[in-house]
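Please find below some notes on the side-chain contacts in this model. They take up charges over rings, aromatic pairs and cysteines in turn.

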Amino acid sequence: MASDSEAHHTNMERTQKNRIARDNLKSVLSLRIQPITFRETAHLLFPETYPWPRPDEGNRKIGFGQCGLVYAVQNEPGVVVKVARPHFHDSLHADHVAHERVSKAFSARERTSESHCISRFYKDRGAIHVKLPRVLRLEFNDSATMAERSVRQKAQLKLHEPKVKLRLVAASSPGKPKMMANALYTSHIPPLSKHVRDALVELYCPVEKRDSVHADPANIDCLVRVYLGRRRRIGAPAPPNFALRNYNLHLDQMVDLGLPVVRLAAAMGEALADMHWGANVDAFDVEFVLGGPAPDPDSAPSRSGVRVADLWLLDFNLCSVFDVEKVHENGKLSELVDHLVYAYFANDPYYPRPTQDDGSGGRVGVVNVDLLVWNAFKKEYLGRSREIFRSQSDATWSRYEYLPAAFLDGCMEKQRGLPPGMDKITD
């Protein structure tokens, strides 16, 4: 009898821990302004101080990717540096160029948007706008040997090749040797708090791995990838590795937690429109992640509340830049649209996947979340694109107004041609 009682008590404890974990994730990852009047939420609002590397520690690695390694910079709190891997030094220059263009496009929206399309559609539920790390500086290594080795190695690798020749911004002036970038400095995306990390482990980490995950200092650099275009496969085994760096949060998990998937989709639609038509960047292989709040002197904690997390955009090192006018002059606008569709599906499934099926099967009251997030994404992409073209000139608007809709139609057509369950193309 005692054993039954102990088992019941253990189950009660597990249920309570599970409920607290869900509440914590929903409170933080909803991206709403959190009230600071309740003691029970105070631990969510003021996370622990980030352990920046001390002078005697040197730079500390906090992330990595195909093209480079990311370090927290010694003696520069709030600054990170991306260091190019061998033979990828030119990718940092591409990263810098695209990042700067997207930053200007985001700033232009904030300054000139008359109606703030996303705020108009979702004002009553709280608009989400994607944040961007600040570009601080780019360091170069002018080495002809390095340049030649980079070109030679790159020719041997199967990298992304645009299907339309996009006009890249020149790396150096004509007649001057190309400067190979080897370090890109940006502001740090704050990681999510310990309470979020603990909640993710409680809900999603296999029991036998929890102690090692909690003990791994690398997991303090916790960012959550927002996969609105992918659900976990039912009955699939747990992944062999569990890490909190770039944890993949799928649509079914977000729905289960009650996160604002429609507003997240709208924010992505707005951001992609800014990338395409404000910055003329193809957005190839960019990432959308949930992280800590963006530093903002205008949103300091007050009696009303404080923001505890934000949706961030990063990683532009595989992006291409294009010139719409040049593409038009060359008669290749349809090829540009095809290329943007290709980039959309070659990326990890952050964006919603196109759908027209309402999923109800004729049943009343059945809601298809996939359709909701796609429609929100589509509405914001079209609305923001319209604002961008109209802010330029009447001639620009009349000439290119069809391109955003053509891109979305291309996405619909591409999705219809993919095998069921396929959410990313690899060729």
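**Notes on rings and cysteines**

1. In this predicted model, Arg-390 places its charged end over the ring of Trp-397, at 4.6 Å from the ring centre. A second arginine, Arg-109, lies over the face of Phe-106, 5.0 Å from the centre of that ring.

2. The count of aromatic pairs comes to 18. One of them joins Tyr-204 and Tyr-247, which are stacked, with 5.9 Å from centre to centre and 20° between the planes. Tyr-204 belongs to helix H6 (residues 194-204) and Tyr-247 to strand S8 (residues 247-250), so this pair ties together parts that are 43 residues apart in sequence. Both tyrosines, Tyr-204 and Tyr-247, are buried.

3. Tyr-344 and Phe-407 make an edge-to-face pair, because their planes stand at 75° with the ring centres 5.7 Å apart. This pair links distant parts of the chain: Tyr-344 is in helix H11 (residues 333-346) and Phe-407 in helix H14 (residues 403-416), 63 residues apart. Tyr-344 and Phe-407 are both buried.

4. Tyr-344 and Phe-407 also belong to one aromatic cluster, whose members include Tyr-227, Phe-288, Trp-374 and Tyr-381. Phe-345, Tyr-350, Tyr-351 and Phe-377 are in that cluster as well.

5. How many disulfides does the count give? The count comes to zero. For a pair of cysteines to count, their sulfur atoms would have to lie within 2.5 Å. Two cysteines can be placed by their accessibility: Cys-205 is buried, with a relative accessible area of 4%, and Cys-222 is buried with 0%.

How values were computed:
Residues numbered from 1 in each chain as written. Predicted model: local features only at pLDDT ≥ 70, side-chain atom pairs only at ≥ 80, totals over all residues. Heavy atoms only, no water. Buried < 20%, exposed > 50% of the residue type's maximum accessible area, 1.4 Å probe, protein only. Phe/Tyr/Trp six-rings, centres within 6.5 Å; stacked < 30°, edge-to-face > 60°. Helix = DSSP H or I, 4+ residues; strand = E, 2+ residues; numbered from the N terminus. Lys NZ or Arg CZ within 6 Å of the ring centre and 35° of its normal.
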